[in-house]
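Please read the following report alongside the sequence and the coordinates. It sets out computed features of one molecular structure.

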Amino acid sequence: MEKPSQILGVFNDPDDMTHAVESLIKNNVKVKDVYSPFPIEEVWELLKMKTRIPYLTFIYGAIGTISVFAFLYWTSVINYPLTFGGKPHNSLSFIVIMFVLTILFGVVFTLLTLQFRENLWPGVKSKMPDTRATDDKFIIVIDRKDMGNISESELEKLLKDNGADEVNEY
Amino acid sequence: MYNAKIRGVLIEGDKTYADISSDVTRPMLIDKTPVWWWVASFVASAMLVWGVWGFYNTIVNGIGTWGNNNSVSWGWAIINFVWWIGIGHAGTAFSIFLLVLHQKWRTSINRAAEAMTIFAVAAAGMFPLIHMGRIWDGFFIFPYPNTRGPLWDNFNSPLFWDVMAISTYLTASFVFWYIGMIPDFATIRERTVSKIKKKVYGILSFGWVGSARGWLRFESAALLMGGLAAPLVVSVHSIVATDFAAGVLPGWHSTIFPPFFVVGAIFSGFAMVMTLMIIVRKVFHYEQYVTKGHLDAIARVLTFVSLIMGVAYIIEIFVAWYSDNPYEMYIFFHNRATGPYAFEYWAMVAFNAIVPQLFWFKKIRSNITVVFIISILINIGMWYERYVIVVTSLSKTFLPATWHSYSPSVTEIAVFVGTIGFFILGILMFMKFLPMMAISELKGILKETGAHDKPDFRDVLKAKKKNKK
């Protein structure tokens, strides 16, 4: 049988795990992924992860504002202008609906973006290297191909020295 | 990593990460459904059934089955609508304001508060629906291309803003609530041994894995949604207030209304969160997560908001006098403070502005029974506030010939009781089937705020491991 392609370092403590990630990076080992039961900001910084979702949310909101205003303008000024109380057709109070629906656009499309990027849909089978990462384990995943120039036993020692509870294969 | 003790201990009892998972999932996965749950569900269902009768009677026979009349055209339906919306404000106010302000003590409470929001707003939404009289024409409120012109909605009407604001609020709150539960569903999915539960929670968890990139996107999206929904908390109730303030009736036509309503909504919502959390921590033994410190913090917020309420009541009276408008003065001095609605008015003032001031005393704040009673009194007081606003202003307007009193009919009472049953049933379902506290967020604050600083956390873990061996 072929050897499993990934090595897992299983940690009990998030701080030990982040230190391990730090020393792995120092040793030119590529950390493929980290699984944890809660978000750990240090890991994002160490792995230089960034997300562009905020820019997209801004665009969604802007589209919301503009399209809602276009709709209100078209209905109230062009399509069926109704004059009441001598007020202008293009009313300042449109701002209320524009404001509310901008938020709706932002929330709904941000949700959809997250779902598309992370493939979060009902019925998707989860593929986790170690399901204990949803409970109390912090798991570093390393690809065998990306171990830099250290050997497997050295890698295992490195993980153990940093407080890894187990070193498994997957 | 973190050693700063900003707010002291938020999770008591030397918990580990595994303890949190098992404590929160215990009622769903291990414990037998307790007897009180069935009893409460039965009572709530009975209330709901009576409410369904009220709905049926209203829809089949029309609004004539209510106690409304030509003068008091808005009765219990609007009072209850505003009351529920107010309660529905706390969840999001609580969870999002405190999220944006990085207040860690929200962590064990926000999930329940958001659940409360969803059910309260859903209960509120039923009232405008049946208040239309012809519910089968309900789609008229949406701007859709029609054969009447096409005639569009009046986009300058607060009533239309209300439709938009509340449906947006419900959507955004639901999304925020659900997104927060996805990692917890994954935890449950991996913990349960039952095949059906594994399947159901597996579907609900959307295949969440908890990778670093996933968490980054998740956190970013959740914070953005929170930031977007935060202004909604203010706008929804401001818009509800403009329903009143845009009317020219004395007692309604006032610029104080939007802020006054928003503060009132946060007030009643926080009181309901308090009521709910006291019950939850007691019956599910979550005293170590929802500590006395948490309840103390909510009580302090309530004290402050109660002061704002008191000031608002004084300002209303002052402005009525200062305006020198005889109608305004009549409403405040002869139809509210004295006259047939004096009981409701003074109950409102006492429950909202005076009784919560007892929270200044530490002895009262730390006595859970008293806190529980006060939190319920606040919600009764807030109901009276809406009653006072709606009924006193409508019953005696400019022409004495149109004066009319108001009392609710059995159908109206049935509808209100039905929505309470719906709300309680929703909360009971939430307690039984969903994680009551945000498991992943609790784990996230455990290191900073857990009660394990005396012996070092790592030493405790190592000791536990040794014991196992």
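The text below covers domains, cores, the sheet, helices and loop residues in turn.

This is a predicted model, in which local features need pLDDT of at least 70, side-chain atom pairs count only at pLDDT 80 or more, and totals for chains, interfaces and linings use all residues. Residues are numbered from 1 along each chain as its sequence is written, chains are lettered from A and ligands numbered from 1 in the order in which they are written, and side-chain values use heavy atoms, with hydrogens and water left out.

**Domains and cores**

Chain A is divided into domain 1 (6–50 + 133–169) and domain 2 (53–118); such bounds come from an automatic or database domain assignment. The C-alpha centres of domain 1 of chain A and domain 2 of chain A are 45 Å apart.

A nonpolar core here is a set of buried Ala, Val, Leu, Ile, Met, Phe, Trp, Tyr and Cys residues joined through side-chain atoms within 4.5 Å. Buried means under 20% relative accessible area, exposed means over 50%, and partly exposed is in between, with a 1.4 Å probe and protein chains only. The largest nonpolar core has 189 residues, and B:Trp84 and B:Phe244 touch the most other members. Domain 1 (6–50 + 133–169) and domain 2 (53–118) of chain A both contribute residues to this core, so it lies between them. Leaving out residues up to four places away in sequence, B:Phe244 touches B:Trp74, B:Ile78, B:Val82, B:Trp252, B:Phe257, B:Phe261, B:Ile389 and B:Val390, where contact means heavy atoms within 4.5 Å. A second, separate core has eight residues, among them A:Leu8, A:Val10, A:Met128 and A:Ala133.

**The sheet in chain A**

Helices (H or I, at least four residues) and strands (E, at least two) are DSSP runs, numbered from the N terminus. Two strands pair if DSSP finds at least two bridges between them. Chain A has an open sheet of four strands in the order E2-E3-E1-E4, with antiparallel pairing. Strand E2 (31–35) and strand E4 (164–169) of chain A are at the edges with a single partner strand each, so one side of each is left without a neighbour in the sheet. From one strand to the next, the twist averages 20 degrees; axes are lines fitted to C-alpha atoms, for helices over the stretch in contact, and angles run from 0 to 180 degrees between N-to-C directions.

Strand E1 (residues 6–11) and strand E3 (residues 138–143) of chain A form an antiparallel pair over six bridges. A:Leu8 stands opposite A:Val141 in E3(A), and A:Ile7 has A:Ile142 as its bridge partner in E3(A). E2(A) and E3(A) also run antiparallel and are joined by four bridges; here A:Tyr35 has A:Ile139 as its bridge partner in E3(A).

In a regular strand the side chains alternate between the two faces of the sheet. Both faces of E3(A) are covered, with A:Phe138, A:Ile140 and A:Ile142 buried on one side and A:Ile139, A:Val141 and A:Asp143 buried on the other.

**Helices in chain B**

The expected span of a helix is 1.5 Å times one less than its number of residues. The table sets this against the distance between the end C-alpha atoms.

| Helix | Residues | Expected span | End C-alpha distance |
|---|---|---|---|
| H8(B) | 257–283 | 39 Å | 39 Å |
| H14(B) | 410–433 | 34 Å | 34 Å |

In H8(B), 23 of the 27 residues are buried, so this helix is largely enclosed by the rest of the structure. H14(B) is also largely enclosed, because 17 of its 24 residues are buried.

B:Pro158 is in helix H5 (residues 158–191) of chain B, and B:Pro158 is buried at a relative accessible area of 15%. Not counting residues up to four places away in sequence, B:Pro158 touches B:Ile239, B:Thr242, B:Asp243 and B:Ala246.

**Positive phi values**

B:Phe206 has a phi near 60 degrees, a positive value in a residue other than glycine. B:Phe206 is in the loop between helix H6 (195–204) and helix H7 (212–245) of chain B, and at 13% relative accessibility it counts as buried. Phi of B:Asp324 is also positive, near 60 degrees. B:Asp324 is in the loop between helix H9 (292–323) and helix H10 (326–336) of chain B, and B:Asp324 is exposed at a relative accessible area of 56%. B:His285, just after H8(B), takes a positive phi of about 55 degrees.
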